[in-house]
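Reader: I'm new to protein structures and would like a close look at a single part. Please choose one, and explain the terms as you go.

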Amino acid sequence: MSAPWLPSPRPLGRPIPHGLVATQPSLVAAMTAGLGLTGGEHVLEIGTGYCYQTALLAQLAADVISVEIYPDIATAARRNLVRQGIANVQVITGDGTEGYPQSAPYDAVLVSAAHPDVPPPLIAQMREGGRLIQPIGPGGNEQVIAFERVRERLRQIRVLTAASVVRLRGRHGSPIRSGHPGLTDAATATRLHLESWCRRRRMPARTVQ
Ligand SMILES: C[S@@+](CC[C@H](N)C(=O)[O-])C[C@H]1O[C@@H](n2cnc3c(N)ncnc32)[C@H](O)[C@@H]1O
């Protein structure tokens, strides 16, 4: 498929392994701004990738715990952070849908992969009044939503933007499949993104396979 006029989710620099795509910069900016950080926050990020967004969060908050499910990606992210001299981030290898209770509570939580629901452990690990941003949807066609924790529940504050994001995997996400689950994800995300882009402009999306 070749469609240079499309705002596609292109990888930043080198592609992420497992067929995953880096978040497009405009979406990184919208999600980061949506947290409303003021400099003193303790932040939990789920889905480190190559840590582009992590590095921004580290500049805007006191410290960041970032959880990545793929060990090789987490290793590359740690290396990138050292190379940039960023010392207030801890990259954890694991299933981010479980959060990271050892360092809870968090003032702000950013989930960079999509799922129809917010994983319950993330809500439990937020402090009262804390903010959480997550793309809500099946993976490939979502609404990025800002929430606030109020009395042990999440209250929706607003929809930040529409987006096309890979699936959140794990115990409280989509099943982790054998083979190359991320490759299927990225291809599906791109197709759904194109379809929704065409739909918004009332254009036929017949070229999409
Ligand atoms: C869109 S990419 C993240 C991009 C990154 N934030 C950036 O700035 O480019 C989504 C990431 O979420 C990770 N991921 C998916 N499910 C996860 C889970 N349960 N726990 C931790 N990471 C997960 C993927 O491996 C991938 O690296």
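Author: Let's set the scene before zooming in. Buried residues make up 44% of the 209 residues in the protein chain; a residue counts as buried if 20 or more other C-beta atoms, placed from the backbone, lie within 10 Å of its own, as exposed if 12 or fewer do, and as partly exposed in between. This is a predicted model, in which local features need pLDDT of at least 70 and side-chain atom pairs count only at pLDDT 80 or more, while totals for chains, interfaces and linings use all residues. Residues are numbered from 1 along each chain as its sequence is written.

The protein chain has 5 helices and 7 strands, which are DSSP runs numbered from the N terminus (helices: H or I, at least four residues; strands: E, at least two). Along the sequence they follow the pattern α-β-α-β-α-β-β-α-β-β-β-α.

Our close-up is helix α1, residues 25–34. Leu27, Met31 and Gly34 are buried here. Seen down the axis of α1, these buried residues fall within an arc of 60°, so they line one face of the helix; the arc is that of the directions from the helix axis to the C-beta atoms. They pack against four strands: β4 (106–111), β5 (126–136), β6 (142–150) and β7 (153–163). After α1 comes Gly36, with a positive phi near 60°.

What does Leu110 touch, leaving out residues up to four places away in sequence? Its partners are Met31, Leu35, Val43, Glu45, Leu57 and Ile133, where a contact means that two C-beta atoms, placed from the backbone, lie within 7 Å. Met31, then, is both a buried residue of α1 and a partner of Leu110.

Leu110 also leads us to the largest nonpolar core, which has 47 residues. Such a core is a set of buried Ala, Val, Leu, Ile, Met, Phe, Trp, Tyr and Cys residues joined through C-beta atoms within 7 Å. Those with the most contacts inside it include Leu110, along with Val43 and Ile133, two residues that Leu110 touches. Across the protein chain, 57% of the contacts with a separation of 6 or more join residues 24 or more positions apart.

Finally, a word on confidence. The protein chain averages a pLDDT of 84, and 76% of the residues score at least 70; pLDDT is the predictor's confidence in each residue, from 0 to 100. Over residues 1–13 the pLDDT is below 50, and it stays under 50 over residues 179–184.
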